[in-house]
Structures are given as C-alpha cells and as structure tokens.
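Colleague: Can you walk me through this one before I get back to the bench? I'd like the reasoning as well as the answers.

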Amino acid sequence: MGDFLRAVGEIATNESAYRNALIAAVVLLLAASGEFVAEKAGTINISLEAMMLGGAYAAALGQDLSGSVWVGLIAAVVAGVAVAWIQANMSHRLPADQFVVGLVLNVLILGVVGFLAGQNEPTTNIVGRVRIPLLADIPLIGPALFDQPWVIYLAYPVVPLIWYLVYRTRWGLEVRAVGEDPNAADVSGLHVNKLRRQTIYLAGVTAGIAGAMLLFARSGRFEDSLVGGRGYIAIAAVIFGGWTLKGTVGGCVLFGIVGSFVLTIPGLGYESIDPAFLAMAPNVVTIVGMAIFATRVRQPSALARPF
C-alpha cells in the first residue's frame, strides 16, 4: 500500500502521466460522443468496440498502402460506418435484438481483423507532435494539452459540435424526442427507426476515428488487442455521466486518468505492484462508477426499447 500511495504522488507530478491521461481521455471521448447521441435516440451500441477495432485496422492499412495519415483517418471512418451500418439495419430495420447484434459484431470483427492482420501486417507509426507556443509552457497540463501528436487536436472541436448538434438543431430535437417517447414522435410524423439508424452511423464515424487516434497517437503499431475493451468503457462513460454531455466528458476524463495510472506506474519502477491489479483497475473503476451513478440519474425513457 505504501508503494501504491507513493506512486500516486509521483504520478501527480509526472508530465508523461498527464500526456497519457489526455490521449486516453480523448480516445474515449471520441467514441463516447457518438454513443451519447445514439443513446439519446434510445439505442445502445454494444458494437462500439467493433467500430473502434475496425477503424484502427483500416487506419493502419490505409496509412501503410498510401503513406498518408489522412487516408488512414478516412479509411477508419469508412470501417466504423460499415460496422455501424450492420448494427443499425439489423437492429432498427430488421427485428434483431440490438444487444445480440452488437455482441456478435464484436466477436466477428475481432476474428476478421485478427485474420487480416496476420495475413498482412500493416506498417504504421505514431504521428509527429505539434507544439503550440506559450500554451505548451503551462506546467504539467500545458504539454498534455498543447504538445501532442497533431491528430489529437482534431478531437478538440468534437464536444462543442456534438453539443450544438444535439441541443441546437432540429435534428437533435427529433433525436431526443424519439429517445423519450417514440410513439408520440411517430404520431408527429418522425421516422423513429431512421433517426436511430442515423445516430448509429454518427457513432460509427466517431468510434472509427477513435480507433485511428489510438493507433496514431499512442500505439504506432496495430495489434488485434489494441482497443482492449475501450468501447465498453466508452459506453460506461455515457451511463456514468447520466446521459448528459458534460457528465460523459467527466467520465471519459476519469477513466482516462485511471488508464494513465496503469501505464505510468511500471515506468516509474514500482515492480512490487501486481501487474494483474493494474490490468484490472480500469474495469474495476468502470464497474464501481456505474454502480454508484447509474441508479442516481435518469436515462432516456425509451433507451434500448425497440420500436
């Protein structure tokens, strides 16, 4: 316990810990932002994990074949939307259970990507850092926020855009309406399942980019274990945040800090801390957070209810 507490103290003043936390939080936030919109419409995408993993592999393959990170990012979006298309149409056009479809997709994409990666190992790398003068000089948080791989900066406008889309557009109003009372929305002339499918496509876009971001900003090398359950954690962040955007951001930041904690401790030389404990820590925090907050918040009334 003494080593654990000392490690906490060192991490609190360790610059790389803040960098790792920011990257982890951004990846989760990208995936969770699209999931937040989808859950506002009354659907839960268990396949978020598959969208992220497919996006990561497509990004690696796109960069390997073209030499361009931008092509990799576009490929990640295409892969994420492809998985989302299956999820959306199986769940909200055909009478398939959305949870079963999501679980099947997670297993399927893991197998497909594992096979493809074994046949053709794409060569990738972490993209270069871009330092923003003055802002990057702020102690601890400056380098974390403003001296990162340049792809990270693409995620900064996501939260304002999602907020505007959900709360300041007609489409966002319709999405929230079908998530609260799909029968009343249908009577009002809204196409409930079409709107739900659209939100899942949006989740595919953001989750695909999240997978690419994980590859280009942290790993630099694709493996089929790259996503490692982050899709499920992103779903948990939405629930943890009480189906509010600011709460979702808070959940992603918390889980990002825990993820950074797990990565940073071994680098500080604390060999006495059991690696198994570190491996399970993010999942334990996720479960505890959901247990505490999920019963204290109000979910969309029609969440997970087919129409």
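Modeller: Happy to, with one definition up front: buried means under 20% relative accessible area, exposed means over 50%, and partly exposed is what falls in between. Keep in mind that this is a predicted model.

Colleague: Then where does Asp147 fall, buried or exposed?

Modeller: The cut-off for buried is under 20% relative accessible area. Asp147 has a relative accessibility of 13%, so it counts as buried.

Colleague: Which residue does the side chain of Asp147 meet in a salt bridge?

Modeller: The pair links distant parts of the chain, 128 residues apart, with Asp147 in strand E2 and its partner in helix H2 (residues 15-40). That partner counts as buried because its relative accessibility is 9%. The N to O distance is 3.3 Å, and the residue is Arg19.

Colleague: How far is the backbone oxygen of Arg19 from a polar atom of the side chain of Gln148?

Modeller: Gln148 sits in strand E2, which covers residues 147-149. It counts as buried because its relative accessibility is 1%. Beyond the residues up to four places away in sequence, Gln148 touches several others, including Arg19, Leu22 and Tyr153. From the backbone oxygen of Arg19 to that side-chain polar atom of Gln148, the distance is 3.4 Å.

Colleague: Why are Arg170 and Glu174 separated by about one helical turn?

Modeller: Their side chains meet in a salt bridge, at 3.2 Å from N to O. Arg170 is exposed, with a relative accessible area of 66%, whereas Glu174 is buried at 17%. The separation is about one helical turn because the two lie in helix H8 at a spacing of four residues.

Colleague: What is the C-alpha to C-alpha distance between Gly179 and Leu195?

Modeller: Gly179 is in helix H8, which runs over residues 170-180, and it counts as buried because its relative accessibility is 0%. Setting aside neighbours within four places in sequence, its contacts include Lys40, Gly42 and Pro300. Gly179 and Leu195 are 16 residues apart in sequence, and in space their C-alpha atoms are separated by 9.8 Å.

Colleague: Which helix gives the most to the largest nonpolar core?

Modeller: That core has 74 residues, and Leu48, Ile162, Phe216 and Phe222 touch the most other members. The helix that gives the most to it supplies 13 residues and spans residues 192-219: H10. As background, nonpolar side chains in soluble globular proteins tend to be buried together.

Colleague: How far apart are the end C-alpha atoms of H10?

Modeller: H10 is largely enclosed by the rest of the structure, because 22 of its 28 residues are buried. At 1.5 Å a residue, H10 should span 40 Å. The distance between its end C-alpha atoms agrees with that, at 39 Å.

Colleague: What phi does Gly220 take just after H10?

Modeller: The residue comes directly after a helix that ends at 219. Its phi is positive, and the value is about 80 degrees.

Colleague: Last one: which residue forms a salt bridge with Arg221?

Modeller: The structure holds four salt bridges, and this is one of them. Arg221 is partly exposed, with a relative accessible area of 49%. Its partner is also partly exposed, at 38%. The closest N and O atoms are 2.6 Å apart, and the partner is Glu223.

Conventions
Residues are numbered from 1 along each chain as its sequence is written. This is a predicted model: local features need pLDDT of at least 70, side-chain atom pairs count only at pLDDT 80 or more; totals for chains, interfaces and linings use all residues. Side-chain values use heavy atoms; hydrogens and water are left out. Buried means under 20% relative accessible area, exposed over 50%, partly exposed in between (1.4 Å probe, protein chains only). A polar contact is a pair of N or O atoms within 3.5 Å; within protein, one must be able to donate a hydrogen and the other to accept it, and residues adjacent in sequence count only if both atoms are side-chain atoms. Contact means heavy atoms within 4.5 Å. A nonpolar core is a set of buried Ala, Val, Leu, Ile, Met, Phe, Trp, Tyr and Cys residues joined through side-chain atoms within 4.5 Å. The expected span of a helix is 1.5 Å times one less than its number of residues.
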